[in-house]
Structures are given as structure tokens and as C-alpha cells.
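Trainee: I would like to go through the terms used for this model and see what each one rests on.

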Amino acid sequence: MTDRIGYGATASLVLAMALWGSAFIGLKIAFEEIPPLWVIFGRMLFGSLVFLLAWRWRGSIDYRKGDWAYLLALAVCEPCLYFVFEALALERTSASQAGMITALLPLMVAVGAFLFLRERTSRTMIGGFALALVGAVWLSLAGDANEHAPAPLAGNLLEFLAMVCGTGYMLLVKHLANRYSAFLLTAMQAFIGTLFFLPLALWFEPLPADVSLTGWLTVLYLGVVVTVGAYGLYNHGLSRMPASRASGFINLIPVFTLVFAWLLLDERLNATQVMAAGLVFAGVLLSQLRSRPPAPPPSVVLD
């Protein structure tokens, strides 16, 4: 399987997951001294500057009639709504818990592909999704309010809404990846994100007056390394393998997030949350077990 997919695509996806896992910690650190909308705007702005400097390597464009709607929907899903929900979530829940909620994303992509693309699914996958969803709810309800998670239930719900947006983003990227390079798709996200978050930041939050070097470097890391690097790596990998298979790599994000949160933020899960997290992982693993999916109805015609 790996030979057919290519080691390059696999390595790109693993590295992208590590960077996305670190993003939860970076956002937590930046939010301590910079208002969330300004953090996201700065992240998009730094990313956009990198893409402008590297524009000569943008790749080819094969625009087809109606693509503007898909491109706009992709940007609305992520970064626009995704980062709004995630910023609100990380003000209320811990990086560890938010990272665990991302374990639901591969299953949500599979369900979305079944509902909107008529891709085959299986009872095992549906059962795994249900089990992981129960684990995510349990994780949220078992959370104790503390300095890292003042309102874990609300925060985890907002992170789940971010995953809904992420699901739409993944399905749209797969639809467009054959006609647009990973560079172009990622650059478009950064440009639109910059234009989207600037007026929101100006309207809703005061301009930060005193930001430390750590704060600026964290935003720079989020913009250059995570926005440019992680999204570019992910879009590259996704363009070279099926969306359902690529989405499985998302399961690595909670692992990286838990490790980084433990090392850098000294975050801990309580005993009940550890069991709930285990239930999430069990559901994800169950969803990956191979079983014979039901045949599609003979009346279905795929375009």
C-alpha cells in the first residue's frame, strides 16, 4: 500500500499532523497576550506574505466553469469558520481536549463522503463513529474547569463545529486537487483568511499594545510553519491518495497534541477523561477495521 501511495505523500501527511498538533499549543500561548482574532489575522498575514514571495512556484491552474463556488466554499469552511470556532474553543477548553475532538474528523469525512458523494461505507465504520462520538461527549462532560479549560463542555462543542467545517474543507480539497496545485489552494486560503479576519479583529477586539517577543514569534510560527507548511504538506499528500485514506492520518493529531501539551503547557487529563479518550481511540480503530460494505442501490447513478 505504501509503495503504491508513495513514501513522500505519507511523510508529508505525518509531518502535517505533527505541525497541526503543535498549533493547539501555539494558539494557547499566543492567546495569553494577544486577542484571538488578531492572532488568526497575523497567522494568515504572515502566511500570505510567504506565498507572495514564492508566487513563481504556484503551479498550473485548470479552471473550470463553476469552480469559483467550490473555491469560495473551501475558504469559508477553512480558514474562515474553522478558525473562528477553534479560537472560541481554545478560550474555553484545553489544548489536550481540543486535540482529542479532532479524532472524530476522519469518521466525519467518511460519513460526509457517504452522504454527499455516495461513497460506500460499512456498519463497522458507522459503529466506530458512534463509539468515538460517545467518547468525545464523555470527555467533555468529565472535564473539570481549571486554568487551562474554564468551560470544557462549551469549548469542546465549539471544537466539534470546527471539525464540521474541516470535513467540508477536506471533501472540497479532494474535489479540486486534480486541477489546482497544493500551493494555489493553500495560498488562496491564506489570502481570503487575511481579508476575512482583519475587519473582524478591528471591529470586535482592541489592537494589542504590548506584545512580547515570544508572542510575535508564536504568531510567526503559526503563520509560516503551520499555515504554509502544514496545509501545503496536507494538500500535497491529499492530492496523491483517496480522501478517506488521507483523513485517517488526522488520528495522529491528538497524539501529537497530548505530547506537546504535556511537555510545553503541563496539561493533564483526569482519570475519567483518560478513559473517555481511550473510548474515542477505540471508536476510531473500530472504524478502520475492514468489513464488506453494503453494495450501493442499483438505481444510483454516479456522475
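Mentor: What follows takes a buried residue, a helix pair and the nonpolar cores in turn; the model is predicted.

Trainee: Why is Thr102 called buried?

Mentor: Thr102 has 2% relative accessibility, and buried means under 20%, so Thr102 counts as buried. Thr102 is found in the loop between helix H5 (95-101) and helix H6 (105-117).

Trainee: Which residues does Thr102 touch, not counting residues up to four places away in sequence?

Mentor: They are Phe24, Glu159, Met163, Ile250, Ile253 and Pro254.

Trainee: What makes H9 oblique to H10?

Mentor: Helix H9 (residues 182-204) and helix H10 (residues 213-238) pack at an angle of about 140 degrees, and their axes are 9 Å apart. Over 145 degrees would count as roughly antiparallel, and 65 to 115 as roughly perpendicular. The angle of about 140 degrees fits neither, which makes H9 oblique to H10. Their crossing is right-handed.

Trainee: Which residues meet there, and how are they classed?

Mentor: From H9 come Ala182, Leu185, Thr186 and Gln189; from H10 come Thr227, Val228, Tyr231, Gly232, Asn235 and His236. The contact has four nonpolar, six polar and no charged residues.

Trainee: Which members of the largest nonpolar core touch the most other members?

Mentor: Of its 73 residues, these are Met17, Trp20, Val39, Tyr169 and Tyr234. Helix H2 (residues 7-31) gives the largest share of this core, twelve residues. Apart from this core lies another, of six residues, including Phe51, Ala54, Phe183 and Ala187.

Trainee: What does Tyr169 contact, leaving aside its neighbours within four places in sequence?

Mentor: Tyr169 is in contact with Leu74, Cys77, Glu78, Gln189, Tyr231, Tyr234 and Asn235.

Conventions
Residues are numbered from 1 along each chain as its sequence is written. This is a predicted model: local features need pLDDT of at least 70, side-chain atom pairs count only at pLDDT 80 or more; totals for chains, interfaces and linings use all residues. Side-chain values use heavy atoms; hydrogens and water are left out. A nonpolar core is a set of buried Ala, Val, Leu, Ile, Met, Phe, Trp, Tyr and Cys residues joined through side-chain atoms within 4.5 Å. Buried means under 20% relative accessible area, exposed over 50%, partly exposed in between (1.4 Å probe, protein chains only). Helices (H or I, at least four residues) and strands (E, at least two) are DSSP runs, numbered from the N terminus. Contact means heavy atoms within 4.5 Å. Axes are lines fitted to C-alpha atoms, for helices over the stretch in contact, and angles run from 0 to 180 degrees between N-to-C directions. Angles under 35 degrees count as roughly parallel, over 145 as roughly antiparallel, 65 to 115 as roughly perpendicular and the rest as oblique. A crossing is left-handed if the near helix is turned anticlockwise from the far one by less than a right angle, and right-handed if clockwise. Ala, Val, Leu, Ile, Met, Phe, Trp, Tyr, Cys and Pro count as nonpolar, Asp, Glu, Lys and Arg as charged, and the others, Gly among them, as polar.
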